[in-house]
Each structure stands twice: as structure tokens, then as C-alpha cells.
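This briefing goes through one protein model by topic. Please have the sequence and the 3D view at hand.

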Amino acid sequence: GVATGSGFAIGDRRVVTNDHVVADAEEVTVRSRGRRVRATVVGSDPSTDLALLRVRPRQARSVEALPLGDSGEVRPGDAAVVIGNPLGLARTITAGVVSATDRRIDAPDGFPIRDAIQTDAALNPGNSGGPVLDARGRVIGVISQGRSDGIAFAVPVDTLERVVPQLEQDGRVRRAYLGVTTETAGQGALVRAAVRRGPAARAGLRRADVIVSVGGTEVQNPDDVAAAIEERRPQERVTVEYLRDGDRRAVDVVLGVRPAP
């Protein structure tokens, strides 16, 4: 079987695409200016649907890098230009606007991708992994999902810039792990379960505790807990404040490494 997608160079022989484009691939090739260039997968991250490839030195001269923008500056109504390989039609350009920012979409492994960019630029199968450019030609996102109703979502470039160095170093992203499942409570995030021998359980957190703060950041719902942990690294120590039987307590938790789903 053969799967096709899109991608773009970011310099130093590196090419970015989606994790789901290259997942389980035995061989990867990059087509540039009509030529097929062999590439190797440096690393991939199913939690952000990003993958990093590297092309051979002799063939890298035919691949031009795109400048990266700042997805934090993107606003609804901004121009959105998509370049890709829809239905095998190479170097196809479509245009639209940024329909919304701060969207949440599901990654291939089921974890949430935050701050996704929504656009109405026309997409088809094969656009996955292609860049979303602003009016100055800078990458602001990586196309991850498109729907038949004209709505598409891109992983923000700020996430790309955070993930790529880790893929280069380890081939994967090591994420912090608290080890609880939570649901919304009136005053914070109610712990439904603490994973046995997980970081939270070892620190003393248990079912029915209500988390109200993580690392000094107030918690109002489960998303706040997840967001606070995503900003940290494994083995980092973080203070978790919680309510138990009406009493406010605090405990230091040494975060673990999030296991594969």
C-alpha cells in the first residue's frame, strides 16, 4: 500500500509532515520539483500528529525551507494559504481565512491537541502535513485534519517549534505524567481515580480529592490540570493543592513519563 501526504522543509535537510502520514511506513520519499528524494523518519509524535524527516545531503539542495511565523499572533480573519498535494496533485495552493483559533482536536493517539487553528481553505485527502501560511508566506500551522463540510484544522507552529528539538534529540517526545483521571467539580477537578503506583498516588492523592491548583495555577476543570502538566517535564516536582473532606491540603508530586496509550 502507498499513502500520500504533504510536507515542507524547515532547513538543515529537515522536512515536517504529519505523524499519521508516515506512521508504520517502511519507506518514505519526498517529491520536490518533480524529483523523488529518499528520506528517513527522524522521529514522530502521535500526540501532536507531527513527524520530522531528513533528506540525504546531496538531494537537500532541491528542497527550500519555509520561514516560520508565530501562531500566537494569529487572529480570526487573517489570511490562510495552504500548499499541498491533494489527491496527488502536487504543489496545489488554496486560500481562505483563519476561521478560529484556540480549537481543541484529537490527536491520532486520542490525546488533545490544543490551540489548533481552524481555516476554511479548501482541502482534500493528501493535504495532511502541508503548511498553512500567513499573508507574508510564513508557516503558522501544519494541516492535520480536514472535513467534507469545509472545515479544517492545523497544529499551531508554536507547537511544532516545541516538538521538533525533542524529535531531533530522542526521536520522540517525553511528556510529564500526573497519573489521575478527573472530571469537573464545582470547585476544581474531581479525582475519579489515581493510577496505582502512579506519581499522584505515590504522593498521597486519591479518589474523591478535588484538585484546585497545580504549580500555583488555579484549576477550575480537568483541562486546566492537563494544561498545567503539559507545560512541565518528567521528573519535575510540582505542588498540587487539593480539597479533602473540606480541608485544603498541598503535596509535592514528582511527575513521571506519560505511558503510551
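Which residue forms a salt bridge with E183? The partner is R192, and the closest N and O atoms of the two are 3.6 Å apart. The model is a predicted one. The protein has 261 residues, of which 45% count as buried, and its secondary structure consists of four helices and 19 strands.

**Overall figures**

- Taken along the principal axes, the box filled by the C-alpha atoms is roughly 65 × 35 × 30 Å.
- The exposed area of the protein is about 13,700 Å², and 44% of this area comes from carbon and sulfur atoms.
- Among contacts with a separation of 6 or more, 57% are between residues 24 or more positions apart.
- The protein carries 36 positive and 34 negative charges, and the mean positions of the two sets are 6 Å apart.

**Salt bridges**

- The count of salt bridges comes to eleven.
- In the pair R192 and E183, R192 is partly exposed at 47% relative accessibility, and E183 is partly exposed at 34%.
- A salt bridge also joins the side chains of D209 and R244, with an N to O distance of 2.8 Å.
- D209 sits in the loop between α3 (199–203) and β15 (210–214), while R244 belongs to strand β17 (residues 237–244); the pair links distant parts of the chain, 35 residues apart.
- D209 counts as buried because its relative accessibility is 1%, under the 20% cut-off.
- R244 counts as buried too, with a relative accessibility of 9%.
- R14, R54 and E168 are joined into one network by salt bridges that share partners.
- R104 and D223 meet through their side chains in a salt bridge of 2.5 Å, N to O.
- R104 is in strand β7 (residues 92–106) and D223 is in helix α4 (residues 222–230), so this pair ties together parts that are 119 residues apart in sequence.
- R104 is partly exposed, with a relative accessible area of 48%, and D223 is partly exposed with 35%.

**Nonpolar cores**

- The largest nonpolar core has 20 residues, and the members that touch the most others are F8, I10, V16, L50, L52, V142 and L160.
- Two or more residues of this core come from each of β1 (8–11), β5 (50–55), β8 (112–119), β10 (139–146), β11 (152–156) and α2 (157–170).
- The element that gives the most to this core is α2, with five residues.
- Leaving out residues up to four places away in sequence, V16 touches S6, G7, F8, I10, L50, A51, L52, G129, V142 and L160.
- A second core, separate from this one, has 19 residues, including A200, L205, Y242 and L255.

**Two loop residues: N18 and D24**

- Is N18 buried or exposed? N18 is buried, with a relative accessible area of 0%.
- N18 is placed in the loop between β2 (14–17) and α1 (19–22).
- Not counting residues up to four places away in sequence, N18 touches D49, L50, A51, S128, G129, V142, I143 and S144.
- L50, A51, G129 and V142 are among the residues touched by N18, and they are also among those touched by V16.
- D24 is in the loop between α1 and β3 (28–32), and D24 is exposed, with a relative accessible area of 79%.
- From C-alpha to C-alpha, D24 and Y177 are 26 Å apart in space, and their separation in sequence is 153 residues.

**Backbone angles**

- Most residues other than glycine have a negative phi.
- R13 is not a glycine, yet has a positive phi of about 65 degrees.
- R13 lies in the loop between β1 and β2 and is partly exposed, with a relative accessible area of 30%.
- R91, also not a glycine, has a positive phi of about 55 degrees.
- R91 is found in the loop between β6 (79–84) and β7, and R91 counts as exposed at 66% relative accessibility.

Technical notes: Residues are numbered from 1 along each chain as its sequence is written. This is a predicted model: local features need pLDDT of at least 70, side-chain atom pairs count only at pLDDT 80 or more; totals for chains, interfaces and linings use all residues. Side-chain values use heavy atoms; hydrogens and water are left out. A salt bridge is a side-chain nitrogen of Lys or Arg within 4 Å of a carboxyl oxygen of Asp or Glu. Buried means under 20% relative accessible area, exposed over 50%, partly exposed in between (1.4 Å probe, protein chains only). A nonpolar core is a set of buried Ala, Val, Leu, Ile, Met, Phe, Trp, Tyr and Cys residues joined through side-chain atoms within 4.5 Å. Contact means heavy atoms within 4.5 Å. Accessible areas come from the Shrake-Rupley method with a 1.4 Å probe; for residues, only the protein chains shown count as cover. Lys and Arg count as positive and Asp and Glu as negative; His and the chain ends are not counted. The place of a charge is taken as NZ of Lys, CZ of Arg, CG of Asp or CD of Glu.
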